[in-house]
Amino acid sequence: MATLYQACSSSSSTPLLLAKRVFSLASSPHSFTSGYKIPRHCSSFGAFNSASTSVCVDLKELRSNELVDLEYAELNLMYKISEEVGHVRIRQHVNPLSASFSKPAPVPVWDEVYKDPSLPLMVDIGSGSGRFLLWLANKNAGSTNFLGLEIRQKLVKRANFWVDELGLSNVHFIFANAMVSFEQLITSYPGPLEIVSILCPDPHFKKRHQKRRVVQKPLVNSILQNLKPGGKIFVQSDVLDVAQDMRDQFDEESSVLQHMDDTVATEEDGWLMGNPMGIRTEREIHAEFEGARIYRRLYQKRQLTS
């Protein structure tokens, strides 16, 4: 997919792009204005209309959930809620080692899931609400397939409803414990595995619970075995201990992986300066709103040498 992270590399949090998303809300038949204090942040766009349109919003007055709505405004997902799915209350902490999550997820019929199952695949482990993948899928239709693995079933159900509402044929979500199901799902996929992302996973703070963290040696091995040469792994967390744990485990594989600090801007301590995918996750938005730092790391699988 000609380096998806480069194709989407412009930061979605810049004032211009954010203002464009505000404009899309203001011009949408479903636009909302409650909670928006006008006019402290203003931008004008003439390309959308014969006349220049002014968009004004005070970002300081927005709540973090409203910032999420702005980030993903072009998808209009808030207006695509089925009566069947309804409101989804997110359970934040799930024990992946419990017996209820020990059964591998059924392997789907890939021809029924994707229009073209031979396309390169990006897998997001712990896909949450799915908005992150839906945005990427919408931007990369026809070039890349996207698969979200999520352990909370209601989120998967709603995300697949959104897939149908958006008419996307290159993204799918599976209710699965990645620690149990990743290997058999990915080895069955007809195309190459090009990107794996693990973004703000459950931290499981207590030391006795850290064995529940998703990044464990068996999963790392499976990712490395199935990732194509030149493929990428993107990890991030707003919890330094979790980010360091992921970093340590992937850094140990230096014979197979290289950190992409030569092509992506990084801080002095080696963490990426920004999200290279072009869109922030919901957790990322909430964490930055609260003043937290996001610790990011991008790896590339080394090319085979003769």
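What is the accessible surface of the protein, and what percentage of this surface belongs to carbon and sulfur atoms? In this predicted model, the accessible surface comes to about 14900 Å², and 49% of that area belongs to carbon and sulfur atoms. Of the 306 residues in the protein, 52% are buried. The fold is built from 10 helices and 9 strands. When contacts between residues at least 6 apart in sequence are considered, 79% of them join residues at least 24 apart.

Seven of the strands are organised in an open sheet of mixed pairing, with the order S5-S4-S3-S6-S7-S9-S8. Strand S5 (171-175) and strand S8 (257-259) are the edge strands, each of which pairs on one side only. Averaged over the sheet, and with direction ignored, neighbouring strands are turned by 20° against each other. Strands of a sheet pair through backbone hydrogen bonds, and the pairing may be parallel or antiparallel. An antiparallel pair is formed by strand S7 (residues 227-237) and strand S9 (residues 295-301), which are joined by 6 bridges. Within this pair, Gln236 has Arg296 of S9 as its bridge partner.

Strand S3 (residues 121-125) has 5 of its 5 residues buried and is therefore largely enclosed by the rest of the structure. The cover extends to both faces of S3: Leu121, Val123 and Ile125 are buried on one side, and Met122 and Asp124 are buried on the other. S3 is paired with strand S4 (residues 145-150) in the parallel sense over 5 bridges, and Val123 has Leu147 of S4 as its bridge partner. Between these two strands the chain passes through helix H5 (residues 131-139), in a β-α-β crossover that is right-handed. Pairing of S3 with S6 is likewise in the parallel sense over 5 bridges, with Met122 opposite Ile195 of S6.

A corresponding description applies to S4. Because 6 of the 6 residues of S4 are buried, this strand is largely enclosed by the rest of the structure. Asn145, Leu147 and Leu149 point one way from S4, whereas Phe146, Gly148 and Glu150 point the other way, and all are buried. Towards S3, Asn145 of S4 stands opposite Leu121. Towards S5, S4 runs parallel and is joined by 5 bridges, and Gly148 stands opposite Phe173 of S5. The connection from S4 to S5 leads through helix H6 (residues 153-166), and this β-α-β crossover is right-handed.

The largest nonpolar core contains 35 residues, of which Ile125 and Phe182 touch the most other members. At least two residues of this core are supplied by each of H4, S3, S4, helix H7 (178-188), S6, H8, S7 and helix H9 (240-251). A second, separate core comprises 32 residues, including Leu62, Val156, Leu272 and Ile285. With neighbours within four places in sequence left aside, Ile125 of S3 is in contact with Leu149, Ala178, Phe182, Val196, Ser197, Ile198, Leu199, Val214, Leu219 and Ile223.

Burial was also examined in the helices. Helix H3 (residues 64-71) is mostly covered, with 7 of its 8 residues buried. The buried positions in H3 are Ser64, Glu66, Leu67, Val68, Asp69, Leu70 and Glu71. In helix H9 lies Val242, which counts as buried because its relative accessibility is 2%. The C-alpha atoms of Val242 and Asp202 are separated by 8.7 Å, although these residues are 40 apart along the chain.

Backbone geometry is notable at two loop positions. Asn76, in the loop between H3 and helix H4 (110-113), has a phi near 55°, which is a positive value in a residue other than glycine. Cys200, in the loop between strand S6 (193-199) and helix H8 (217-226), is not a glycine either, yet has a positive phi of about 50°. Its relative accessibility of 15% is under the 20% cut-off, so Cys200 counts as buried.

Definitions and conventions:
Residues numbered from 1 in each chain as written. Predicted model: local features only at pLDDT ≥ 70, side-chain atom pairs only at ≥ 80, totals over all residues. Heavy atoms only, no water. Buried < 20%, exposed > 50% of the residue type's maximum accessible area, 1.4 Å probe, protein only. Helix = DSSP H or I, 4+ residues; strand = E, 2+ residues; numbered from the N terminus. Contact = heavy atoms within 4.5 Å. Areas by Shrake-Rupley, 256 points an atom, 1.4 Å probe, with all protein chains shown as cover. Pairing = 2+ DSSP bridges. Axes fitted to C-alpha atoms, helices over the stretch in contact; angles between N-to-C directions. Right-handed = clockwise from strand over helix to strand, strands pointing away. Core = buried A, V, L, I, M, F, W, Y, C linked by side-chain atoms within 4.5 Å.
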